[in-house]
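Ready for some practice with aromatic rings? Grab a pencil and work through the exercises below, one step at a time.

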Amino acid sequence: MQNKLIHKDNTIFQALEKLNTINDVSRLILFVNDDDNRIVGTLTDGDVRRSLVEHADLHKKVEEVCNRNFVFEYDDTNFIDLKSYRKKDIKNLPILDRQKRLLRIIDLETMKAMLPLECMIMAGGRGKRLSPLTDTTPKPMLLIGDKPIIEHNIDRLISFGIKKIYISIKYLGQQIVDYFGDGSSKGISIEYIWEEEPLGTAGALSLVKDFSTDHILLMNSDLFTDIDYEDLYLNFMNKKADMSAASIPYNVTVPFGIFTETEKVITGLKEKPTFTNYANAGIYILKKKLINQIPFNSFYNITDLMSQIIESNQLLIHNPIVGYWIDIGQPQDYLNAKEIVKHLRNGNN
């Protein structure tokens, strides 16, 4: 971020030199700091132009020109509503600590949300149904377009502000470790949970010593989807649920006329009706405290936890995915996902 910081005593000319080097954010902007590295204002190329038109002075100090009434958020804010900033046409949102020092910059053109979640991706399965493709490559590492299935998921999680990801691995897991490392190349932290024995779809959660967020996102690694994680999270929080499962609408059309009846008396006729059911999409948000119900280092499926939640009268909800979703379990599913990527590249999303 150093190329986006400028000291308050620097001149407009020096600011122009710095602005000319910025090429990795949606709007040319500098953050003006003082001797204690506290941010005291922002300076855009528009601010500079307006000053030059009015004063024609390249040696004017930036503290005289900068916007001191700038918008920012503190790093310890639990949830930041980026949509509200987009409505105000704000492109770059600085995140400061309580001493007003710059920690990071959110580019609202590329960042969809800032969700206070840590995530676990389940990536230990064998993927037998995709053999021979998975004989030497773990299923999450099969390519869709120019990158592995799991990387599509990780990149989408990053775009929703998720910075810490755990990946549970077993079969050929070292390939995943070698590819992503500690996650620093993507600006995040990745930690690996090795399963000595298969732990099902939720057992690996018990092996994490302590998640740092109050709510956890859990997902399968072999999904290809454009799910809106913010919508999933906000619905979960607004309904004060204990757990939310993403769902896929599944329509069934009956090819006959169906009677509606009351006590054997026909009250109506529906011709070839369609019924909508909702299938489990393999993506969940749950309260961290629920992990205490998962037996340590034992085979345990997420459906077991869902059954416990229902039996104990806790709140389990579902949230339909609006968009595409493919569970890559069969060769045809894999082909379908690769076809979708072609359309996305061509801008036909």
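**Exercise 1.** The charged end of which residue sits over the ring of Tyr74?

*Solution.* Keep in mind that this is a predicted model. Look above the Tyr74 ring: the charged end of Arg98 sits there, 3.7 Å from the ring centre. Tyr74 also has aromatic company, as ring pairs link it with Phe70 and Phe72 into a cluster.

**Exercise 2.** Work out what kind of pair the rings of Phe70 and Phe72 make.

*Solution.* Start with the big picture: the structure holds 7 aromatic pairs. In the pair of Phe70 and Phe72, the ring centres are 5.4 Å apart and the planes meet at 40°, so this pair is tilted. Now check the surroundings. Phe70 has a relative accessible area of 12%, and buried means under 20%, so Phe70 is buried. Phe72 comes out at 23%, so Phe72 is partly exposed.

**Exercise 3.** Do the same for Tyr166 and Phe211, then find where each one sits in the chain.

*Solution.* First the geometry: the centres lie 5.1 Å apart with the planes at 75°. Angles over 60 degrees count as edge-to-face, so that's the label for this pair. Next, the location: Tyr166 belongs to strand β10 (residues 164-169), while Phe211 is in the loop between β11 (189-194) and β12 (215-220). They are 45 residues apart, so the pair links distant parts of the chain. Finally, are these two buried or exposed? Tyr166 has 4% relative accessibility and counts as buried; Phe211, at 2%, is buried too.

Methods. Residues are numbered from 1 along each chain as its sequence is written. This is a predicted model: local features need pLDDT of at least 70, side-chain atom pairs count only at pLDDT 80 or more; totals for chains, interfaces and linings use all residues. Side-chain values use heavy atoms; hydrogens and water are left out. Rings of Phe, Tyr and Trp (its six-membered ring) pair if their centres lie within 6.5 Å; planes under 30 degrees apart count as stacked, over 60 as edge-to-face and the rest as tilted. Buried means under 20% relative accessible area, exposed over 50%, partly exposed in between (1.4 Å probe, protein chains only). Helices (H or I, at least four residues) and strands (E, at least two) are DSSP runs, numbered from the N terminus. A charge sits over a ring if NZ of Lys or CZ of Arg is within 6 Å of the ring centre and within 35 degrees of the ring normal.
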